[in-house]
Amino acid sequence: MASDVIIKALKGIVGDSNASMSEAIRQAYSRDQNYMFNEPKQPGYVVRVTNKEEIRQILKVANDNKVPIIPLGQGVNIRGLCIPTRPGSILLDLKGMNTIKEINQDMMTATIEPGVSLGQLVAACRKKGVRPAVPGAPATCSAFANYMLRGVYHHNPQDGIDHVLSMEVELPTGQTIRTGSSAISTSYGPHCRYFGPDLTGLFMGVPGAFGVITEMTVKLYDLPERQELIGFGFDDWKRASEYAIDMMKLEIPSLLWLIDWIALAVIAGFSRRQIKLKTPKAALPVCTFALLLEGTEEDVELKLGKLEKLVKRAPPDQDLRDGALSTGMFNAEEFLGGRNVAGMLKMGYYFALAFFHPMSNGAEIFEMFKDIGEKHGFERDIVSFVSTPTKSGPNNWSGQLTYSEGELFVDQTEPGVIDNLKAFSKECIETILDRRYIYSWFRPYATVLDITLERAGETGDLLRKIKNLLDPNDIMNPGKFL
Ligand SMILES: Cc1cc2nc3c(=O)[nH]c(=O)nc-3n(C[C@H](O)[C@H](O)[C@H](O)COP(=O)(O)OP(=O)(O)OC[C@H]3O[C@@H](n4cnc5c(N)ncnc54)[C@H](O)[C@@H]3O)c2cc1C
């Protein structure tokens, strides 16, 4: 079908003002911060939707005409997940679907639409005395997309990383799939994830490549009565990792971040120039712990007691409890909710390679990132590293499992830096896989997708078959997953 016929069909569904082929509008969706890994490309059409029926009809137009379609929640993933790979794609902007349909304090769930932002959900929940999971993503991101992509950075390990219970999904083939307890038309509600095989899980971590998720029910958590943010410093990453393992075994942290001096300097608001000159390095530990204790008054007292015993038995190299946290070196807000996104962005291009591994490997991986960085022209000292264990409390996940990020803040305009970054990224991923650190996608970003799928063998084949079953014409966000 010619483009004039498609735009006419789209306008017929959403109205003239909500479907556009205007160059200026398409340009706005054509690139993000990761343009060096995801080549900029304009979508052919931008469509803003407000309800499920419009989505159903648009999917039919797209599927009948084999036109690629890219769902966009808020579009702040900054890793190219909403950038088209094929000409003439439909960009499906879901921002207008931003209703919180229910906050159910009995079942501790919220049912939301795809355009609900994290900030919007937090504010609405707070009014009812509960909270959603809050990863450190910007408050403007789609809560929906973040949970679907298992937002983890800065999350509370006590909550685990899976917050989704059930979903409603529109497939390009015209079916509406309901997962979890909402699969049963007469069930009490969408509050339970279990219904035979985990179909909710099937759509998790998949960046719009199977269908358009139109509704999601997510877990809510109690607001803590008390929070205590505590800092410790270590001169050595290995010792810090061992200390973290001890703390996790004792179930002390609600949140625990191991942060190197660069990441801490960014959080603390040092300028890019100061960091480049390494001015803050002398004042900051090799590894700083941001440790958050949360719960009822009694819970926190109990945890403080356990911590005191641990510290007495094996004192950390620096005890930052006596005021250092409030002297500006350490931005407490960063760990209690709002993320210092501005601090990160002023550093230039933020490259992060994220994956899971056992905490006991932390020091080795920390050195690995630096070795590989040096080889590709990045000064050892500016290759940054942060880690957070994922296990603690009632949602224990698995042993020492830890989420880590090797990070680099670079000036993209420096000659050769992009090629060096690409080579650095490739070698890091290959080394992580070759050394058999437990590796898993954090998210299927362009930097890791092909290298990982090559090694997924028959499991990769099965995923391709599933994709083919759900999306036989390969129109759902092609090139971003399978
Ligand atoms: C400075 C900065 C810091 C960040 N820090 C963190 C952090 O600490 N922790 C963290 O978790 N994230 C972080 N992020 C990443 C970001 O917040 C998440 O990736 C975000 O939640 C996803 O972006 P979004 O919500 O706007 O979704 P989008 O960018 O709109 O979409 C992401 C992907 O999901 C797909 N998608 C969206 N909606 C649907 C739907 N309804 N159905 C099917 N597919 C859909 C899209 O096609 C796309 O592939 C950070 C981002 C920035 C800019």
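## Helix packing and selected residues

In this predicted model, W237, K238 and S241 of helix α7 meet G362, A363 and F366 of helix α13. By class, that contact holds 3 nonpolar, 2 polar and 1 charged residues. Helix α7 covers residues 237–249, and helix α13 covers residues 362–375. Their axes come within 8 Å and cross at roughly 145°. The crossing is right-handed.

S241 deserves a second look. It sits in α7. Is S241 buried or exposed? S241 is buried, because its relative accessible area is 3% and the cut-off for buried is under 20%. Setting aside residues up to four places away in sequence, S241 touches L258, M359, G362 and A363. G362 and A363 belong to the α13 side of the helix contact.

**Helix pairs**

Two packed helices are described by the angle between their axes and the distance between the axes. The table gives both values for three pairs.

| Helix pair | Crossing angle | Axis distance |
|---|---|---|
| α7 and α13 | roughly 145° | within 8 Å |
| α13 and α14 | about 145° | 9 Å |
| α1 and α3 | roughly 170° | within 10 Å |

Helix α13 also packs against α14. That crossing is right-handed. From α13 come M368, F369, I372, G373 and K375. From α14 come F424, E427, C428, T431 and I432. The classes in this contact are 6 nonpolar, 2 polar and 2 charged.

The third pair joins α1 (residues 3–14) and α3 (residues 52–64). How do α1 and α3 run relative to each other, roughly parallel or roughly antiparallel? They are roughly antiparallel, because their angle of roughly 170° is over 145 degrees. On the α1 side, A9, L10, I13 and V14 make the contact. On the α3 side, E54, Q57, I58 and V61 make it. By class, the residues are 6 nonpolar, 1 polar and 1 charged.

**Helix α14**

Helix α14 spans residues 417–434, 18 residues in total. At 1.5 Å a residue, α14 should span 26 Å. Its end C-alpha atoms are 25 Å apart, which agrees.

Which residues of α14 are buried? They are V417, I418, L421, F424, S425, C428, I429, T431, I432 and L433. Among them, F424, C428, T431 and I432 also take part in the contact with α13. The buried residues of α14 pack against two helices, α13 and α15 (449–453), and two strands, β15 (349–358) and β17 (401–410). Just after α14 comes R436, with a positive phi of about 60°.

**Helix α4**

Helix α4 covers residues 118–127. Its buried residues are L118, L121, V122, A124 and C125. What packs over them? The cover includes β5 (100–104), β6 (109–112), β7 (130–132), α5 (143–148) and β10 (212–222). G129 follows α4 and has a positive phi, near 80°.

**Positive phi outside glycine**

Most residues other than glycine have a negative phi. I78 has a positive phi of about 50°, although it is not a glycine. I78 lies in the loop between β3 (69–72) and β4 (90–93). With a relative accessible area of 27%, I78 is partly exposed. M108 is another case, with a positive phi near 55°. M108 lies in the loop between β5 and β6. Those strands are both named in the cover of α4.

**Two buried residues**

M167 lies in strand β8 (residues 164–170). M167 counts as buried, at 2% relative accessibility. Beyond neighbours within four places in sequence, M167 contacts M148, I177, R178, T179, S182, T200, F203, M204, I213, E215 and M216. From M167 to S185 is 18 residues in sequence and 13 Å in space, C-alpha to C-alpha.

A209 lies in the loop between α6 (199–202) and β10. Is A209 buried or exposed? A209 is buried, with a relative accessible area of 1%. Which residue lies 262 places from A209 in sequence? That residue is D471, and the two C-alpha atoms are 8.0 Å apart. D471 is also one of the contacts of A209. With sequence neighbours within four places left aside, the other contacts are K467, M476, N477 and F481.

Conventions. Residues are numbered from 1 along each chain as its sequence is written. This is a predicted model: local features need pLDDT of at least 70, side-chain atom pairs count only at pLDDT 80 or more; totals for chains, interfaces and linings use all residues. Side-chain values use heavy atoms; hydrogens and water are left out. Axes are lines fitted to C-alpha atoms, for helices over the stretch in contact, and angles run from 0 to 180 degrees between N-to-C directions. Helices (H or I, at least four residues) and strands (E, at least two) are DSSP runs, numbered from the N terminus. A crossing is left-handed if the near helix is turned anticlockwise from the far one by less than a right angle, and right-handed if clockwise. Contact means heavy atoms within 4.5 Å. Ala, Val, Leu, Ile, Met, Phe, Trp, Tyr, Cys and Pro count as nonpolar, Asp, Glu, Lys and Arg as charged, and the others, Gly among them, as polar. Angles under 35 degrees count as roughly parallel, over 145 as roughly antiparallel, 65 to 115 as roughly perpendicular and the rest as oblique. The expected span of a helix is 1.5 Å times one less than its number of residues. Buried means under 20% relative accessible area, exposed over 50%, partly exposed in between (1.4 Å probe, protein chains only).
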